[in-house]
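Here is a short briefing for a first look at a protein model. Keep the 3D view open while reading.

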Amino acid sequence: MLLTRKQTCQLGILLSIHRQHSKIDQILIHQQIELLEVLTGFETNNKYEIKNSFGQRVYFAAEDTDCCTRNCCGPSRPFTLRIIDNMGQEVITLERPLRCSSCCCPCCLQEIEIQAPPGVPIGYVIQTWHPCLPKFTIQNEKREDVLKISGPCVVCSCCGDVNFEIKSLDEQCVVGKISKHWTGILREAFTDADNFGIQFPLDLDVKMKAVMIGACFLIDFMFFESTGSQEQKSGVW
């Protein structure tokens, strides 16, 4: 059976993702500092470099959100985030819908959809209701639960890293973590450009590794993004 051009392109992207992700157990995500945002407080589209454990850039990620949404909805804004490889090809797309920003409304909590290639969902990250702790469920493309993520009661990056543990479904075994790295007093005080590290088992399914990237971005926007007068949250409230 002959493949269409679209199918061939999608297959090429899947092979590229498999080649990149199958060899890594750690990902570094560094948000770029936007000078206009620092000087004016005017929220711009976030941009990130995604690197392997050797510091080599494997992807570039850019938010695609209009000006009104960024500056009116702040960190709670819905967004599309496009992840591009070093050849300039979009390989992963993240879609975050507009959801309630407080755990007071457990029927409309945060989530993000991960597509790879773009348009083909491979997993979801769903916020799980808890009165005190940031909790999330990692799901596959069939919306079947695969892993859990649990964060600290107080999400505050004051002179130290903040760790969100990746756990088995019964939450008895820690298999990895998503860490927000402390970047220094000046950068933390005057910018919202954050650095993250993701650690997971080397043999974790490559699709789930991509979903972990989506989880990291959702955590960044929920707890470490600030816009104008809207400060970052220190917990689920």
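The points below go from the overall fold to the core, the aromatic rings and a set of paired strands.

This is a predicted model. The protein has five helices and twelve strands. Of its 237 residues, 48% are buried.

**Overall picture**
- Take the contacts between residues at least 6 apart in sequence: 45% of them join residues at least 24 apart.
- The exposed surface of the protein comes to about 11300 Å². Carbon and sulfur atoms supply 57% of that area.

**The nonpolar core**
- The largest nonpolar core has 46 residues.
- Which members touch the most other members? They are Ile29, Ile50, Ile83, Ile178 and Phe217.
- Helix H5 gives this core its largest share, with 14 residues.
- Isoleucine 29 has contacts well beyond its sequence neighbours: leaving out residues up to four places away, it touches Tyr48, Glu49, Ile50, Asp194, Asn195, Phe196, Ile198, Ile213, Cys216 and Phe217.

**Aromatic rings**
- The structure holds five aromatic pairs.
- One of the pairs joins tyrosine 48 and phenylalanine 217 in an edge-to-face arrangement. Their ring centres are 4.6 Å apart, and the planes meet at 70°.
- Tyrosine 48 belongs to strand S2 (residues 47–51) and phenylalanine 217 to helix H5 (residues 206–224), so this pair ties together parts that are 169 residues apart in sequence.
- Are these two residues buried or exposed? Tyrosine 48 and phenylalanine 217 are both buried.
- One aromatic cluster is formed by Phe164, Phe196, Phe223 and Phe224.
- Tyrosine 124 has a charged partner: the charged end of arginine 143 sits over its ring, 3.7 Å from the ring centre.

**Strands S10, S11 and S12**
- Strand S10 (residues 162–167) and strand S11 (residues 174–181) run antiparallel and are joined by six bridges.
- Within this pairing, isoleucine 166 has glycine 176 in S11 as its bridge partner.
- S10 and S11 make a hairpin, with six residues between them. In the turn, glutamate 171 has a positive phi of about 60°.
- S11 also pairs with strand S12 (residues 195–199). These two run antiparallel as well, with five bridges between them.
- Here serine 179 has glycine 197 in S12 as its bridge partner.

Key
Residues are numbered from 1 along each chain as its sequence is written. This is a predicted model: local features need pLDDT of at least 70, side-chain atom pairs count only at pLDDT 80 or more; totals for chains, interfaces and linings use all residues. Side-chain values use heavy atoms; hydrogens and water are left out. Helices (H or I, at least four residues) and strands (E, at least two) are DSSP runs, numbered from the N terminus. Buried means under 20% relative accessible area, exposed over 50%, partly exposed in between (1.4 Å probe, protein chains only). Contact means heavy atoms within 4.5 Å. Accessible areas come from the Shrake-Rupley method with a 1.4 Å probe; for residues, only the protein chains shown count as cover. Rings of Phe, Tyr and Trp (its six-membered ring) pair if their centres lie within 6.5 Å; planes under 30 degrees apart count as stacked, over 60 as edge-to-face and the rest as tilted. A charge sits over a ring if NZ of Lys or CZ of Arg is within 6 Å of the ring centre and within 35 degrees of the ring normal. A nonpolar core is a set of buried Ala, Val, Leu, Ile, Met, Phe, Trp, Tyr and Cys residues joined through side-chain atoms within 4.5 Å. Two strands pair if DSSP finds at least two bridges between them.
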